[in-house]
Amino acid sequence: MASRTPPSTADPAARTSASARAAGEKPRRRLSVDERREQLIAVALELFSRRPPEEVSIDDIAAAAGASRPLVYHYFPGKQALYEESLRRAGQELSARFEEPLEGPLSERLHRVMGRYLDFVQSHGPGFAALLRGGSVSASADTTAVIDEVRRAAQAQILTHLAIPAPSIGLRLTVRAWIANAEITSLEWLADRSVPLEELQLHLVQEFVAALTLTAAREPALATELASFLADEHPDGPTGRLVRDLAGLFAVPGIVEAVTALAAGGSDDGAAQADGAAQAAGAATE
């Protein structure tokens with residue numbers, strides 16, 4: 001006589017497999033240890049990108065990954081460890097966005113770099129805004145080290161594009177200050193987004209060109225390199241547009257006279273240089 005005892009359903013995996021077969025679906029492949037860890041990092045980074053880290057819980061990460069809370073703790077001792085690892089991955093991605101072939105005018109290369117940088121800022125806004133502003137409870141020595149590494153990588157990339165064999169301390173400080181300015185500006189943009197992203201991208205590049213020019217005015221060796229950079233620029237590129245904007249200032253009543261007086265400094269040579277600059281500016285606006 002046939003047994004009346006029902007088949008055991010104690011094995012959840014067996015039930016899942018049987019249900020999948022009954023529905024005509026392929027059973028899910030069990031993730032390997034490395035795959036599961038990478039999945040948790042990716043999910044956590046996505047959540048941290050959309051919300052400040054203090055607003056994301058282990059339960060949120062587990063639910064988004066389709067995993068249990070104990071499973072998350074099996075791979076990471078806590079949210080802070082998962083946050084730091086996610087940030088390291090994001091830092092690697094952000095550093096890579098500063099890489100650009102050494103071809104074409106300098107300002108156009110930087111324009112492409114800043115386009116990728118701002119795209120990253122836009123897609124990872126809340127979490128990184130909290131960290132960079134120093135207001136996140138998740139900030140630590142390790143997370144700060146990650147951000148510093150990104151800054152060093154960005155500085156190294158910019159100096160590579162300048163291709164100056166022995167960059168001075170002044171030039172290094174100029175590049176580092178510009179990177180800090182890009183961070184501050186992009187964070188302010190995240191707060192209100194009142195400026196179109198493309199306009200912000202252009203302004204940041206032009207601010208670098210302006211800072212580089214000011215540094216060259218103090219360093220004769222850099223001034224020679226600046227002449228080479230400017231010679232490669234296109235009229236419709238970021239630098240060409242900046243020069244036209246600056247030249248337009250000389251059409252404002254009183255500016256030519258004020259600049260001439262300041263540049264003269266009691267020197268006939270200074271006055272002649274100022275007059276020459278004013279004439280060149282006038283020609284650029286025609």
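## Exercises on a predicted all-residue model

Alanine 163 counts as exposed, because its relative accessibility is 57% and the cut-off for exposed is over 50%. The model is predicted. The exercises start from this residue.

**Exercise 1.** Locate alanine 163 and describe its phi.

*Solution.*
- Step 1: place the residue. Alanine 163 sits in the loop between helix H8 (141-162) and H9.
- Step 2: read the backbone. Its phi is positive, about 55°, although alanine 163 is not a glycine.
- Step 3: set this against the general rule. Most residues other than glycine have a negative phi.

**Exercise 2.** Do the same for arginine 193, then classify its exposure.

*Solution.*
- Step 1: arginine 193 lies in the loop between H9 and helix H10 (197-218).
- Step 2: its phi is near 50°, a positive value in a residue other than glycine.
- Step 3: the relative accessible area of arginine 193 is 42%. Buried is under 20% and exposed is over 50%, with partly exposed in between. Arginine 193 is therefore partly exposed.

**Exercise 3.** Classify the angle between helix H6 and helix H9, and give the handedness of their crossing.

*Solution.*
- Step 1: identify the helices. H6 covers residues 106-123 and H9 covers residues 169-192.
- Step 2: take the geometry. Their axes come within 10 Å and cross at roughly 45°.
- Step 3: apply the classes. Under 35 degrees is roughly parallel, and 65 to 115 is roughly perpendicular. The crossing angle fits neither class, so H6 is oblique to H9.
- Step 4: add the handedness. The crossing of H6 and H9 is right-handed.

**Exercise 4.** Which residues make the contact of H6 with H9, and how do they divide by character?

*Solution.*
- Step 1: list the H6 side. Met114, Tyr117, Leu118, Val121 and Gln122 take part.
- Step 2: list the H9 side. Trp178, Ala182, Glu183, Ser186, Trp189 and Leu190 take part.
- Step 3: sort them. The contact has eight nonpolar residues, two polar and one charged.

**Exercise 5.** Summarise the protein chain: its elements, burial, contacts and surface.

*Solution.*
- Step 1: count elements. The protein chain has 14 helices and zero strands.
- Step 2: check burial. Of the 286 residues in the protein chain, 37% are buried.
- Step 3: check contact range. Take contacts between residues at least 6 apart in sequence; 65% of these join residues at least 24 apart.
- Step 4: check the surface. The accessible surface of the protein chain is about 16300 Å², and 56% of that belongs to carbon and sulfur atoms.

Conventions:
Residues numbered from 1 in each chain as written. Predicted model: local features only at pLDDT ≥ 70, side-chain atom pairs only at ≥ 80, totals over all residues. Heavy atoms only, no water. Axes fitted to C-alpha atoms, helices over the stretch in contact; angles between N-to-C directions. Helix = DSSP H or I, 4+ residues; strand = E, 2+ residues; numbered from the N terminus. Parallel < 35°, antiparallel > 145°, perpendicular 65-115°, else oblique. Left-handed = near helix turned anticlockwise from the far one by under 90°. Contact = heavy atoms within 4.5 Å. Nonpolar A, V, L, I, M, F, W, Y, C, P; charged D, E, K, R; others polar. Buried < 20%, exposed > 50% of the residue type's maximum accessible area, 1.4 Å probe, protein only. Areas by Shrake-Rupley, 256 points an atom, 1.4 Å probe, with all protein chains shown as cover.
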